[in-house]
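Here is a short exchange on how labels follow from cut-offs. Each answer sets a value against its definition.

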Amino acid sequence: MKIISILGSPRGKKSNTGRLLEEVQKGARHWGATCETIQLKGASVLPCLGCDKCHVTGWCVQKDEFESIKGKILAADGLILASPNYIFSVSAQLKAFMDRCCGVLHCMSFEGKYGASIVTSGGGDEKPITDYMNHFLITTGISPVGALGVTMGNLADEQFTDEIRGQAFALGEELVLSWKGKKRSKRVDKKMAAFKTRMEWLISYRKREWPYEYDFWRTRRGMK
Ligand SMILES: Cc1cc2nc3c(=O)[nH]c(=O)nc-3n(C[C@H](O)[C@H](O)[C@H](O)COP(=O)(O)O)c2cc1C
């Protein structure tokens with residue numbers, strides 16, 4: 001299994017989120033997965049311009065790393081999203097990446113892949129953020145297998161306890177084992193099916209404005 005991880009902390013792999021991600025990846029590697037981490041920093045993925053061109057052509061007009069990251073995810077089997085809690089949400093870096101995936105959402109282009117989300121915070125509130133990240137994954141076509149949130153303020157010297165390391169390892173294992181066993185969650189499948197119906201209606205309604213997406217749905221999804 002090939003797993004891409006998108007790290008939304010501007011503080012790099014040694015950051016709290018980067019270190020937690022490493023523990024998750026240990027669990028995934030234990031079952032033979034290969035893991036690549038893409039760190040979002042600087043201008044690697046710029047904010048969306050809202051120009052709608054991706055819906056028209058299938059490509060973003062901005063010349064940064066987004067399209068190459070998208071290509072790597074398309075070629076992978078799994079995606080992990082990792083972010084610090086920045087004011088009750090994901091970091092701006094990760095949000096920019098998520099916004100740039102608007103065309104991916106419309107086509108649910110990552111269909112068939114498996115994923116997970118992790119968040120670290122200073123004082124808490126990770127759950128609504130991991131829920132949001134996993135909801136995003138579902139709308140791209142990815143089945144999330146779980147999530148982990150860690151409140152750094154509860155830890156001595158910001159060191160993960162054995163329990164947290166174990167939870168992270170187990171999440172990495174679950175990601176690979178779900179992919180290997182093609183495990184599906186009824187709850188996730190229901191949400192995905194509802195979003196698919198919504199997108200099918202939207203793309204059909206906007207068929208003149210968004211020819212790439214209309215063509216995608218007709219040729220690859222059999223939409224009439
Ligand atoms: C801009 C900014 C906003 C933050 N907002 C919150 C917050 O709303 N709630 C919270 O508990 N921690 C907040 N924190 C603390 C970080 O979530 C926490 O230190 C996190 O572990 C940092 O992750 P990193 O080391 O991977 O960058 C904030 C930190 C920064 C820099």
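Q: What makes the pair formed by a backbone N or O atom of Asn85 and an oxygen atom of the ligand a polar contact?
A: The two atoms lie 2.7 Å apart. A polar contact is a pair of N or O atoms within 3.5 Å; within protein, one must be able to donate a hydrogen and the other to accept it, and residues adjacent in sequence count only if both atoms are side-chain atoms. The pair at Asn85 is therefore a polar contact.

Q: How do you know what the model is and how it is counted?
A: This is a predicted model: local features need pLDDT of at least 70, side-chain atom pairs count only at pLDDT 80 or more, and totals for chains, interfaces and linings use all residues. Residues are numbered from 1 along each chain as its sequence is written, and side-chain values use heavy atoms, with hydrogens and water left out.

Q: Which other polar atoms does the ligand meet at Ser9 and Gly122?
A: At Ser9, a side-chain N or O atom is 2.7 Å from an oxygen atom of the ligand. At Gly122, a polar backbone atom is 3.1 Å from a nitrogen atom of the ligand. On its own the ligand has 650 Å² of accessible area (Shrake-Rupley method, 1.4 Å probe). The protein covers 72% of that.

Q: What makes a residue part of the shell around the ligand?
A: One of its heavy atoms must lie within 4 Å of the ligand. 16 residues surround the ligand, and Ser9, Arg11, Thr17, Asn85 and Gly123 are the closest. Helix H1 (16–30) and strand E4 (114–121) each supply at least two shell residues. Both are DSSP runs (helices: H or I, at least four residues; strands: E, at least two), numbered from the N terminus.

Q: Why is Ser117 called buried?
A: Its relative accessibility is 0%. Buried means under 20% relative accessible area, exposed over 50%, partly exposed in between (1.4 Å probe, protein chains only). So Ser117 counts as buried.

Q: Where is Ser117, and what does its side chain join?
A: Ser117 lies in strand E4. A polar contact of 2.7 Å joins its side chain to that of Asn134.

Q: What makes Leu81 a neighbour of Ser117?
A: Contact means heavy atoms within 4.5 Å. Leu81 touches Ser117 in that sense, and also touches residues including Ile6, Leu94 and Phe136.

Note on methods: Lists of a residue's contacts leave out its neighbours within four places in sequence.
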